[in-house]
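Here's a quick briefing to read alongside the model. Grab the sequence and the 3D view, and let's walk through what stands out.

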Amino acid sequence: MTIWMRRLRHATAALALGLLGALIPPAGTAHAASLEVLVFSKTAGFRHDAIPAGIDALRALGGQHDFTVTATEDAGAFTPSNLAQYEAVVFLNTTGNVLDSAQQSAFQSYVDSGGGYVGVHAAADTEYDWPYYGQLVGAWFRSHPAIQQATLRTEDRTHPATAHLGATWTRTDEWYDYRANPRPRVRVLQTLDETTYSGGSMGTDHPITWCHDQGSGRSFYTGLGHTAASYADPAFRSLLLGGLRYAAGQAAADCSAPAGNGQVEAESFSSGSGVQAAAHGPASGGRTLGYIDHGDWAGYSQVSTAGARTFTAKVSSAGAGGTIEIRSGSAGGTLLGTVSVPVTGGWETFTTVTTTLTGGASGPLFLRFTGGGGALFDVDAFTLGTRPTAGALSDDVHLFYYPWYGSPAVNGSWRHWQQGGHTPPDGLGADFYPALGPYDSGDFDGAVARHMEWIARSGAGVIVYSWWGRGSYEDRLARGVLDAARERGIEVAWHLEPYAGRTGASTAADIAYLTSTYGSHPAFHRAADHAGKGVFYVFQSLDIADWTALDQVTGTSIVLAQTTDTTRIAHFSGMYTYDGIAGATAPGWKQAGDHARAHGLVWAPSVAPGYIDDRAVPGNATPTVERADGAAYDRQWSNALDPAVGGSPTWVSVTSFNEWHEGSSIEPADSTPPAGHGYRTYSGAYGQTGEAAQTAYLDRTAYWVGRFEELTAGQGR
């Protein structure tokens with residue numbers, strides 16, 4: 001039911017909407033129908049004490065401007081019939097996962113069919129496991145500094161939410177940083193000036209209030225509203241009212257996203273074979289692309305694949321399910337990616353699927369469908385993104401990832417934790433103690449899933465998986481890690497370790513094996529800016545003199561040597577350093593980067609937060625690099641991104657996510673490790689202490705990922 005249909009309920013009771021106060025000039029006509037608003041404030045995490053003040057403020061606005069507010073924390077309100085009563089739904093400082101799958105489906109259908117969504121502050125700290133919500137809110141919360149005064153800049157004074165504001169607005173609140181900059185997908189209304197407060201980490205472009213179209217509906221979000229005092233501020237109330245009137249469809253506003261990122265109704269195909277539109281009430285616009293059988297296809301001459309990096313679709317299936325092939329130019333054209341469509345249990349039961357795409361094509365979009373016999377699935381609407389969707393990640397930053405660890409609960413015995421003669425679980429061969437304790441790398445639903453959650457928080461989109469040969473422990477765990485990575489939109493490149501007997505020929509064969517064995521997995525990393533090639537880092541490449549055999553695989557793979565010696569990289573595709581110590585001075589980095597750029601090679605220097613292996617390798621003379629409360633990590637990142645020092649890297653590789661024995665981990669370390677073993681903690685990092693410090697290096701990585709993305713965007717990459 002569209003918003004216009006819902007409004008028919010009010011036709012006989014329409015009241016004149018008076019002119020708004022001086023702070024709230026009218027948008028469009030001076031009269032509009034009355035409306036009903038649902039305010040939802042359920043929390044499954046942190047609870048803001050400002051929620052009652054927010055509800056009171058919205059009710060007061062409703063009394064002044066002829067709308068009714070129903071406040072609830074009962075997720076049972078999210079049914080199709082109940083939501084149809086409301087022109088807009090406000091998520092007021094919600095946190096965590098607050099809706100079950102049926103409630104999610106009802107709300108998605110409500111918005112896509114013409115409903116309005118308003119997100120306030122912690123609405124961005126909500127439903128991290130639901131990709132559609134990430135698109136709806138625009139960006140997920142990452143971190144915040146202390147409450148303090150800051151200056152906001154008004155980018156758009158034509159929107160009813162910001163028309164009453166001047167060019168700048170100084171106020172006190174809790175200022176959110178987000179996991180990704182939403183600007184490519186939304187209309188930004190306000191930004192934060194990070195030079196006016198301490199602790200911001202998004203850089204010069206820090207959106208804080210925005211809007212966008214979502215299907216046939218509308219979405220408005222503001223990061224303001226942490227403090228109870230906010231809701232007594234007339235200017236903030238005016239912002240809320242303007243956002244609410246836009247979301248409810250009562251005030252016109254241009255909230256179009258930048259070109260090329262809009263949602264496409266799948267039934268709007270320009271050519272096709274075997275497919276046709278199907279009527280389904282809960283679908284966006286009431287219709288889907290349906291009657292899909294194996295081998296059918298649909299073409300979209302109006303949709304270009306140029307620069308496409310992601311594909312996201314809303315789908316349903318009471319049939320066999322199957323696969324969507326995303327192609328460019330024709331139904332048999334360049335394959336950019338595939339995504340599986342599950343059986344959802346009904347033609348009107350929708351879910352969202354998403355995948356990353358390889359680059360290098362610019363023709364019109366074609367979707368080809370494959371699967372078993374009979375009806376497969378329906379496609380409601382889809383989006384091509386030139387950058388990952390909200391909450392997604394940078395594929396220019398790679399974290400070295402170690403699946404070396406085992407525990408008796410999963411592996412049958414301890415593995416690798418006892419290095420250096422230690423006795424787990426309290427005694428480990430590491431100078432820091434993991435927040436998860438001595439976990440098992442085969443615990444895919446537990447430790448590995450948590451790792452992927454943390455990696456996503458860091459902003460890095462690729463892990464470089466430590467691999468020790470065919471049939472090795474790491475090889476046996478690879479598919480489980482790939483599956484877990486896919487759930488968080490993370491991709492997997494490969495770190496080829498120096499197993500006994502390795503040669504140039506065996507390395508080429510290993511690359512062929514990894515590509516044939518895992519290359520069809522959606523999480524297998526293919527560098528979109530490099531013709532979709534797989535990525536392989538070769539550790540200790542200088543140990544082998546003859547790498548001629550790599551010529552067999554570098555046509556389809558990027559293979560990096562571990563060196564800055566440009567005389568030792570024949571047959572390789574580029575260089576990386578790995579060393580977590582050298583980044584402090586960046587020896588040879590500029591020369592390596594300049595050489596790579598001049599010869600069309602990849603340069604991926606490695607940065608690290610520190611290095612200490614005293615417990616793992618007693619008596620080792622390797623120098624220790626103290627973390628210095630984060631200063632060491634910042635210095636290495638700064639070196640990498642300074643063209644005069646780092647040589648303008650193609651990618652930055654981070655040593656490491658979880659190499660505990662070298663103390664180079666950014667994985668959270670326990671703030672209260674077992675006593676009596678001399679463990680260090682991250683306390684003090686970037687001014688954080690105690691439990692808050694555990695994730696300090698993840699969050700700082702996200703800051704540097706953002707800086708790197710800004711630089712590469714400015715260079716046209």
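**Helix H6 and the rest of the tour**

The buried residues of H6 are Ala235, Phe236, Ser238, Leu239, Leu240, Leu241, Gly242, Gly243, Leu244, Arg245, Tyr246 and Ala247. That makes H6 a mostly covered helix, with twelve of its 14 residues buried. Keep in mind that this is a predicted model, with a mean pLDDT of 88 for the chain.

**Confidence**

- In this chain, 91% of the residues reach a pLDDT of 70 or more.
- Residues 1-33 are a weak spot, with pLDDT below 50, although this stretch has 64 contacts in the model beyond near neighbours in sequence.
- Residues 387-391 also have pLDDT below 50, and that stretch has 22 contacts beyond near neighbours in sequence.

**H6 and the nonpolar cores**

- From its first C-alpha to its last, H6 reaches 20 Å, close to the 20 Å expected at 1.5 Å a residue.
- The largest nonpolar core holds 95 residues, and Met452, Trp494 and Trp637 are the ones that touch the most other members.
- What does methionine 452 contact, leaving aside its neighbours within four places in sequence? The list is Tyr401, Ile463, Val481, Ala484, Ala485, Arg488 and Ile490.
- Apart from the largest core lies another one, of 75 residues, and its members include Phe40, Ile51, Leu165 and Leu240.
- Leu240 is also on the list of buried H6 residues, so to speak a familiar face from the top of this briefing.
- As a general backdrop, nonpolar side chains in soluble globular proteins tend to be buried together.

**The disulfide**

- There is one disulfide in the structure, formed by cysteine 211 and cysteine 255 with their sulfur atoms 2.0 Å apart.
- The cysteine 211–cysteine 255 pair links distant parts of the chain, 44 residues apart: cysteine 211 sits in strand E10 (residues 207-214), and cysteine 255 in the loop between helix H6 (234-247) and strand E12 (263-265).
- The link of cysteine 211 and cysteine 255 is left-handed, with -95° about the S-S bond.
- Are these cysteines buried or exposed? Cysteine 211 is buried at a relative accessible area of 0%, and cysteine 255 is buried too, at 2%.

**Salt bridges**

- The count comes to 17 salt bridges.
- Arginine 415 pairs with glutamate 474, and their closest N and O atoms are 3.6 Å apart.
- Arginine 415 lies in the loop between strand E23 (394-401) and helix H7 (444-458) while glutamate 474 is in helix H8 (residues 473-487), so this salt bridge ties together parts that are 59 residues apart in sequence.
- Arginine 415 is partly exposed, at 27% relative accessible area, whereas glutamate 474 counts as buried at 4%.
- Arginine 450 and glutamate 453 form another salt bridge, again with the closest N and O atoms 3.6 Å apart.
- Arginine 450 and glutamate 453 are separated by about one helical turn, because they are three residues apart in helix H7.
- Both ends of that pair are partly exposed: arginine 450 has a relative accessible area of 35%, and glutamate 453 has 29%.
- Arginine 700 bridges to aspartate 634, with the closest N and O atoms 3.0 Å apart.
- Arginine 700 is in helix H13 (residues 696-714) and aspartate 634 in helix H11 (residues 631-641), which puts this pair 66 residues apart and links distant parts of the chain.
- Aspartate 634 is buried, with a relative accessible area of 17%.
- Which residues form a network of salt bridges? Asp112, Lys314 and Asp380 are linked that way.

**Around strand E2**

- Threonine 72 belongs to strand E2 (residues 67-72) and is buried, with a relative accessible area of 17%.
- Leaving aside neighbours within four places in sequence, threonine 72 is in contact with Leu38, Val39, Phe40, Ser41 and Ala77.
- Glycine 76 is found in the loop between E2 and helix H3 (80-83), and this glycine is partly exposed at 40% relative accessible area.
- The C-alpha atoms of glycine 76 and glutamine 103 are separated by 7.4 Å, with their positions 27 residues apart along the chain.

Methods: Residues numbered from 1 in each chain as written. Predicted model: local features only at pLDDT ≥ 70, side-chain atom pairs only at ≥ 80, totals over all residues. Heavy atoms only, no water. Salt bridge = Lys/Arg side-chain N within 4 Å of Asp/Glu carboxyl O. Helix = DSSP H or I, 4+ residues; strand = E, 2+ residues; numbered from the N terminus. Buried < 20%, exposed > 50% of the residue type's maximum accessible area, 1.4 Å probe, protein only. Disulfide = S-S within 2.5 Å. Contact = heavy atoms within 4.5 Å. pLDDT = per-residue confidence, 0-100. Core = buried A, V, L, I, M, F, W, Y, C linked by side-chain atoms within 4.5 Å. Expected span 1.5 Å × (residues − 1).
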